[in-house]
Amino acid sequence: MSHPHPPTFDELLAEGASVPTDGWDFSWFEGRATEARPSWGYALSMAGRLAEAHAVLDVQTGGGEVLDFALRQGGSDRRPPLVVATEGWAPNVVTATRLLGPLGVPVVAAPDDAPLPFADGAFDLVVSRHPVVPHWDEIARVLAPGGTYFAQHVGPASVFELVEYFLGPLPEETRRQRDPERERADAEAAGLEVVGLRAERLRMEFHDVGAVVHFLRKVVWMVPGFTVEAYRDRLRELHERIEADGPFVAHSARHLFDVRKPAGDSDIRKPEAY
């Protein structure tokens, strides 16, 4: 019985370069790449928080996939009366609106670095999965007293084995960005109480160079300006390495924040006295 030939280097590049990158659905990677998941199971944990909330904001929702999953776990009878999402990347706004609209969740187009377009104290629960940067002052502002920020962040030097394969060694300061203890300090400086903080590093495997191409096109900040043409020689070396030695191994970094806004007005951060 004859078998089709394995895809060539050029075929893998073409495939990785042609797959749509909208949203945060990573199902295309099945059989092509793997990533261990954090032990806390963020989406299911989020579902439990949603079931107890009244007004919820999902910041930087991506394509809305995580929020959609979490909302559907509890069923419509346990859905919070108010759920709103924000997203800063136009293609994802379209994707998220299509997915979340049937659930009655509006998606607000809002730049990631801009103030949140909501009133003070509007939400008792703010969630986010992999925000670009957590804007703690804005999170504190839109949370109601006693409200919670429950989020999974990307940690320091995440997937840097792959990043540095293309960019070379990065400065130590770059490697320390997204440090969870720095983020803890920033949250506390905004007047918030960090109730829980957990961090894990998780094994990733890329089984072919097409998966690498698609990943770097999808997660655009990993190798800024990445194109197949610009990195073709390096991609060929990586293809030959995978063919000879097996999957390319990297490690993602994730941390889970459970943060509370103090319930009493007297506990909220006050302006400096002059």
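Let me begin with a single residue, F226, which counts as buried because its relative accessibility is 12%, under the 20% that marks the limit for that word. Please keep in mind throughout that we are looking at a predicted model.

The partner to look at beside F226 is F166, which also counts as buried, in this case at 9% relative accessibility. A pair of aromatic rings is described by the distance of the centres and the angle of the planes. By the rule applied here, the count for this structure comes to 12 aromatic pairs. One of them joins Y165 and F166, whose ring centres are 5.2 Å apart with 80 degrees between the planes, an edge-to-face arrangement. Y165 and F166 are both buried. F166 also pairs with F226, and since their centres lie 6.0 Å apart and their planes stand at 80 degrees, this pair is edge-to-face, the angle being over the 60 degrees that this term requires. What does the pair of F166 and F226 tie together? F166 belongs to helix 6, residues 160-167, while F226 sits in the loop between helix 9 (209-218) and helix 10 (232-245), so the pair ties together parts that are 60 residues apart in sequence. If we widen the view a little, Y165, F166, F226, Y231 and F248 form one aromatic cluster.

From the cluster we can move to helix 10 by way of Y165, because the charged end of R234 sits over the ring of Y165, 3.7 Å from its centre, within the 6 Å that this description allows. R234 lies in helix 10, as does E237, and the two are 3 residues apart, about one turn of the helix. E237 and R234 form a salt bridge, with their closest N and O atoms 2.6 Å apart. Both ends of that bridge count as partly exposed, E237 at 42% relative accessibility and R234 at 31%.

Now for helix 10 itself. Its 14 residues should span 20 Å at 1.5 Å a residue, and this agrees with its end C-alpha atoms, which are 20 Å apart. Which residues of helix 10 are buried? They are L235, L238, H239 and I242. Seen down the axis of the helix, the buried residues fall within an arc of 105 degrees, so they line one face. The face of helix 10 turned away from that buried side carries the exposed residues D233, A244 and D245. As for what the buried residues of helix 10 pack against, the list consists of helix 1 (9-18), helix 6, strand 7 (193-206), helix 9 and strand 8 (248-260). After helix 10 comes G246, a residue whose phi is positive, near 100 degrees.

Strand 8 takes us to another charged pair. The count of salt bridges comes to 16 by the rule used here. In one of them the side chains of D258 and R49 meet, at 2.7 Å from N to O. This pair links distant parts of the chain, with D258 in strand 8 and R49 in helix 2 (residues 42-51), 209 residues apart. Are the two partners buried or exposed? D258 counts as buried because its relative accessibility is 19%, whereas R49, at 27%, counts as partly exposed. R49 has a further partner, since its charged end sits over the ring of F150, 4.1 Å from the centre.

F150 appears again when we turn to L256, which lies in strand 8. L256 counts as buried, with a relative accessibility of 9%. Leaving aside residues up to four places away in sequence, L256 touches W40, Y42, F150, A151, G196, L197 and R198. For a sense of distance, the C-alpha atoms of L256 and V66 are separated by 15 Å, and these residues are 190 apart along the chain.

I will finish with a salt bridge inside another helix. E173 and R176 both lie in helix 7 (residues 172-176), 3 residues apart, about one turn of the helix. Their salt bridge has its closest N and O atoms 3.9 Å apart, which is within the 4 Å limit. E173 is partly exposed, with a relative accessible area of 42%, and R176 is partly exposed too, at 40%.

Note on methods
Residues are numbered from 1 along each chain as its sequence is written. This is a predicted model: local features need pLDDT of at least 70, side-chain atom pairs count only at pLDDT 80 or more; totals for chains, interfaces and linings use all residues. Side-chain values use heavy atoms; hydrogens and water are left out. Rings of Phe, Tyr and Trp (its six-membered ring) pair if their centres lie within 6.5 Å; planes under 30 degrees apart count as stacked, over 60 as edge-to-face and the rest as tilted. Buried means under 20% relative accessible area, exposed over 50%, partly exposed in between (1.4 Å probe, protein chains only). Helices (H or I, at least four residues) and strands (E, at least two) are DSSP runs, numbered from the N terminus. A charge sits over a ring if NZ of Lys or CZ of Arg is within 6 Å of the ring centre and within 35 degrees of the ring normal. The expected span of a helix is 1.5 Å times one less than its number of residues. The arc is that of the directions from the helix axis to the C-beta atoms. Contact means heavy atoms within 4.5 Å.
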